[in-house]
Amino acid sequence: MGNPAMLEPVLASRKTRAQLAGSAVDPNHAPTMSDVTSDLATEQQRYPIGRFARRDSYSRDERAAHIARLEAQPERLREVIDGFTDADWEAPYRPGGWTVRQLVHHIADSHLNAFLRVKLGLTEATPTIKPYDQDAWVQLADARLDPSVSVALLTATHARFVAVLIAMTSDDFARDIMHPETGRMTLDQVVALYAWHGDHHLAQLEAYRAQR
């Protein structure tokens, strides 16, 4: 997902078919139907539930749905990887992607950062958060551990994360943080982003499981 400073997850709307076709163009090659189909297939593999589209505000019901999605994600992760073998852990979750093992560890890394970002936003005035190089992180020694370690970490993180979220007021959700690359984000937007992020990677793992 992106450059070394990491917009994790990518903040973008879903590409249109015309944009995808355009991305295949070079000066000496007009896009064919095969090019467009290939680009669409790659987009679907990378973003099976679509790209995250940040909105200015969310309703109370939408906020509750985001929290419910976050609460459900650790158990969903446990279920989708149940029965995976050593061969599965070392297989790429999609062509050209991280291994399944790396992806599971990334989810825990990312959501631990999300939890800390919300806590910083609640206790400081528009703190500037620290991005990280997610591609470098999945090369570290801890990303070679058994994925059950990160399932346990995600479970514990989300238990505390959700406890904080359900105690927050509307004014709390309106507080903000500053991301060096994506700019100012309200905590409402951060929570929506990570509800999407967890579901996004779970959908990738579900797709891998369906075709393994």
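## Briefing: salt bridges, rings and helix α5

Arg184 and Asp176 pair up in a salt bridge, with their closest N and O atoms 3.1 Å apart. That comes from a predicted model, and a search of the whole structure turns up ten salt bridges. The same kind of search finds five aromatic pairs. Here's a quick tour, grouped by topic.

**Overall layout**

- The chain has nine helices and two strands, and from the N terminus on its elements go α-α-α-α-α-α-α-α-β-β-α.
- Of the chain's 212 residues, 45% count as buried.
- About 10600 Å² of the chain is exposed, and carbon and sulfur atoms supply 54% of that area.
- If you take contacts between residues at least 6 apart in sequence, 77% of them join residues at least 24 apart.

**Salt bridges**

- Back to the opening pair: Arg184 is partly exposed, because its relative accessibility is 48%, while Asp176 comes in at 15% and counts as buried.
- Salt bridges with shared partners put Arg69, Arg76, Asp199 and Glu206 into one network.
- Inside that network, Arg69 bridges to Asp199, with 2.7 Å between the closest N and O atoms. Arg69 sits in helix α3 (residues 60-80) and Asp199 in helix α9 (residues 187-211), so this bridge ties together parts that are 130 residues apart in sequence.
- The two ends of that bridge differ in cover: Arg69 has 31% relative accessibility and is partly exposed, whereas Asp199 is buried at 11%.
- Glu90 and Arg101 also meet through their side chains in a salt bridge, at 2.6 Å from N to O. Glu90 belongs to helix α4 (residues 86-90) and Arg101 to helix α5, and the two are eleven residues apart.
- On cover, Glu90 is partly exposed with 46% relative accessibility, and Arg101 is buried with a relative accessible area of 13%.

**Helix α5**

- Helix α5 covers residues 100-123, which is 24 residues. At 1.5 Å a residue it should span 34 Å, and its end C-alpha atoms are 35 Å apart, so the model agrees with the expected value.
- Most of α5 is covered, with 18 of its 24 residues buried.
- Leu112 lies in α5 and counts as partly exposed, because its relative accessibility is 31% and buried means under 20%.
- Together with Leu116 and Leu153, Leu112 makes a nonpolar patch on the surface, with about 220 Å² of accessible area in total.

**Aromatic pairs**

- One of the five aromatic pairs is Phe52 with Trp196, a tilted arrangement with 6.0 Å centre to centre and 50 degrees between the planes.
- Phe52 is in the loop between α2 (33-46) and α3, and Trp196 is in helix α9, so the pair links parts of the chain that are 144 residues apart.
- Both of these rings belong to buried residues: Phe52 has a relative accessible area of 5%, and Trp196 has 6% relative accessibility.
- Phe84 and Tyr208 have ring centres 5.7 Å apart and planes at 75 degrees, so this pair is edge-to-face.
- Phe84 is found in the loop between α3 and α4, and Tyr208 in helix α9, 124 residues apart.
- Phe84 counts as buried at 10% relative accessibility, and Tyr208 counts as buried at 6%.
- Add Trp89 to Phe84 and Tyr208 and you have one aromatic cluster.

Definitions and conventions:
Residues are numbered from 1 along each chain as its sequence is written. This is a predicted model: local features need pLDDT of at least 70, side-chain atom pairs count only at pLDDT 80 or more; totals for chains, interfaces and linings use all residues. Side-chain values use heavy atoms; hydrogens and water are left out. Helices (H or I, at least four residues) and strands (E, at least two) are DSSP runs, numbered from the N terminus. The expected span of a helix is 1.5 Å times one less than its number of residues. Buried means under 20% relative accessible area, exposed over 50%, partly exposed in between (1.4 Å probe, protein chains only). Contact means heavy atoms within 4.5 Å. Accessible areas come from the Shrake-Rupley method with a 1.4 Å probe; for residues, only the protein chains shown count as cover. A salt bridge is a side-chain nitrogen of Lys or Arg within 4 Å of a carboxyl oxygen of Asp or Glu. Patches are made of residues with over 30% relative accessible area and no salt bridge: like charges are joined within 9 Å, nonpolar side chains (Val, Leu, Ile, Met, Phe, Trp, Tyr) within 5 Å. Rings of Phe, Tyr and Trp (its six-membered ring) pair if their centres lie within 6.5 Å; planes under 30 degrees apart count as stacked, over 60 as edge-to-face and the rest as tilted.
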